[in-house]
Amino acid sequence: MHHSQPNLGARALVVSGTFVYGSPQDIAAQLAEYGRAGVDEVVVNTAGVYSEHGHPDAVRDLQDILAACREQQPAPVP
């Protein structure tokens, strides 16, 4: 990335998977990939939703993402 070409830098970050986006299921799948790669901490930031749509929508998005993450987890072995 270089400051003289911010659009290319932003695109490189998106393409690299540094930032995840999409439906809650898409985000959960990408976060699961991070987990398989050994990442043990991520930041889920709904501040953009909050600033554009308000608190209820930001909380709802976070709840939907967390629910999708729970669905991605394997069922416990009895």
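How are α2 and α4 set relative to each other? In this predicted model, helix α2 covers residues 24–36 and helix α4 covers residues 55–72, and the two pack at an angle of about 55 degrees. That angle falls outside the bands for roughly parallel (under 35 degrees), roughly perpendicular (65 to 115) and roughly antiparallel (over 145), so α2 and α4 count as oblique to each other. Their axes sit 8 Å apart, and the crossing of the pair is right-handed.

Here's who touches whom where the two helices meet:

| Helix | Residues in the contact |
|---|---|
| α2 (residues 24–36) | Pro24, Gln25, Ile27, Ala28, Ala29, Leu31, Ala32 |
| α4 (residues 55–72) | Asp64, Ile65, Ala68, Cys69, Gln72 |

Sorted by class, the contact of α2 with α4 is made of nine nonpolar residues, two polar ones and one charged one.

Now for the whole chain. The protein has four helices and zero strands, so reading from the N terminus you get α-α-α-α. For 78 residues the globule rule gives 12 Å, but the radius of gyration here is 15 Å, well over that, so the protein is more spread out than a compact globule. Along its principal axes, the C-alpha trace spans about 55 × 35 × 20 Å.

How much of the protein is buried? Of its 78 residues, 13% count as buried. As for contacts between residues at least 6 apart in sequence, 35% of them join residues at least 24 apart.

Notes: Residues numbered from 1 in each chain as written. Predicted model: local features only at pLDDT ≥ 70, side-chain atom pairs only at ≥ 80, totals over all residues. Heavy atoms only, no water. Axes fitted to C-alpha atoms, helices over the stretch in contact; angles between N-to-C directions. Left-handed = near helix turned anticlockwise from the far one by under 90°. Contact = heavy atoms within 4.5 Å. Nonpolar A, V, L, I, M, F, W, Y, C, P; charged D, E, K, R; others polar. Rg over C-alpha atoms; globule rule 2.2 N^0.38 Å. Buried < 20%, exposed > 50% of the residue type's maximum accessible area, 1.4 Å probe, protein only.
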